[in-house]
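Here's a quick tour of a model, written for someone who likes to see the cut-offs next to the numbers. Have the viewer open while you read.

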Amino acid sequence: MKKLVISALMAAMAITAGPALAQVKLTRQQMMVFTSDWKGERFPDGRPKLPDDLLKRAVNCTFEDIWGYMRAHGYNNQYEGDAWKFLHKNQPFAGRALTAQYAPSRPDLRAAIFAEGKKEGFVGNTVSWPIEQLVEGDVYVADNYNKVAFGPIIGSNLANSIYAHSHNGFVFYGAIRDQEEAREIKGFNGVYRHYDPTPNGDMVLTAINAPVRIGQAIVLPGDLVLVKNEGVLFIPAAMAEAAVSHAEFTSIRDVFGFAMLKAGRFSPGEIDAPWTPQINAAFVDYVNTHPDLLKGKMSRAEFDALQQQSAQGKSAAE
């Protein structure tokens, strides 16, 4: 049934391709099609609204633990770690993706984009349009097709505007300028491919909140964006809470396993193999006597459910 609904919506969009595709910003209907798996709260434009506490929890998870859960569900193209530059290393951050796509400019395309943008209430250069859509907790994710000279899509003014709207950061597959001034914005962080002192030029925004490619990764609006020293991970909104909870559960298991190995209570072979009832019982006892392991993470009820699944030999995909 779900596939039939999506097919019907896509067909309707195709019939009205002229006016629909002319939009710079995706309509709510289009957003609902691309993020149909999300069943929770949404922003007025239709973008999934992940809970604030989940954004905070994600920062403490490792890429490997979240990646393992996503891959078990068939999501293999969600990580990009190649050659990022950072405003601030060792300062991980997470947020909801607001996406933007830029392309090389041409007169007819540029005229059409500006005409449509005017209808949608946008003013000024297109590089400011996505920033006006940011809300607190967002991460501005932009594909600037890795353009360097005359490619920077933020400078000091726009950097301050991004932070004022989102109190968060950005992920740019392209260049920025004024990085020294951007670093002075307290609480602001971002990753980008290049620095170049030139202003943007000969390029144009083509879409806001559309699916975009960031290197080898695909990003949908509303995805949970996790940025760490190792790169960027984009977690589908519909599985973000489950992925974070499973990552937290794996982390707690690791803490227990390391403690048991150091104490010599169990051997590496026993810890690495599927756990016996004896080890599972010891694990639950360990968590009971170390309640801080769950602080700021999943609820105890969630932990108990995941532990029951694990003890029964069920994988993350189940």
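His167 is partly exposed, with a relative accessible area of 42%. For the cut-offs: buried means under 20% relative accessible area, exposed means over 50%, and partly exposed is in between, using a 1.4 Å probe and protein chains only. His167 sits in the loop between H8 and E5, and its phi is positive, about 50°, although it is not a glycine. Most residues other than glycine have a negative phi.

Some ground rules. This is a predicted model, so local features need pLDDT of at least 70 and side-chain atom pairs count only at pLDDT 80 or more, while totals for chains, interfaces and linings use all residues. Residues are numbered from 1 along each chain as its sequence is written, and side-chain values use heavy atoms, with hydrogens and water left out.

Asn209 also has a positive phi without being a glycine, near 60°. Here are the loop residues side by side; helices (H or I, at least four residues) and strands (E, at least two) are DSSP runs numbered from the N terminus.

| Residue | Loop between | Relative accessibility |
|---|---|---|
| His167 | H8 and E5 | 42%, partly exposed |
| Asn209 | E7 and strand E8 (212–214) | 0%, buried |
| Asn125 | helix H6 (107–119) and H7 | 33%, partly exposed |
| Trp275 | helix H11 (268–272) and helix H12 (277–289) | 13%, buried |

What does Trp275 touch, leaving aside residues up to four places away in sequence? The list is Arg253, Phe256, Glu270, Asn280 and Phe283, where a contact means heavy atoms within 4.5 Å. The C-alpha atoms of Trp275 and Gly313 are separated by 8.7 Å, with these positions 38 residues apart along the chain. For Asn125 and Ile208, 83 residues apart along the chain, the C-alpha separation is 14 Å.

Now the inside. A nonpolar core here is a set of buried Ala, Val, Leu, Ile, Met, Phe, Trp, Tyr and Cys residues joined through side-chain atoms within 4.5 Å. The largest one has 29 residues, and Tyr102, Tyr140, Ile162, Phe170, Phe172 and Phe188 touch the most other members. Two or more residues each come from strand E3 (93–104), helix H7 (129–133), strand E4 (138–143), helix H8 (156–166), strand E5 (169–176) and strand E7 (203–208). E7 gives the largest share, four residues. Another core lies apart from it, with 22 residues, among them Cys61, Ile66, Leu226 and Ala237. In soluble globular proteins, nonpolar side chains tend to be buried together.

Ile162 links back to where we started: His167 is one of its contacts, along with Ile131, Leu134, Tyr140, Ile154, Gly169, Phe172 and Phe188, again not counting residues up to four places away in sequence.

Zooming out, the protein chain has 13 helices and eleven strands. Its C-alpha trace spans about 70 × 50 × 30 Å along the principal axes. The radius of gyration is 22 Å, which agrees with the value near 20 Å for a compact globule of 318 residues; it is taken over C-alpha atoms, and the globule rule is 2.2 Å times the number of residues to the power 0.38. Of those 318 residues, 48% count as buried. Among contacts between residues at least 6 apart in sequence, 72% join residues at least 24 apart.
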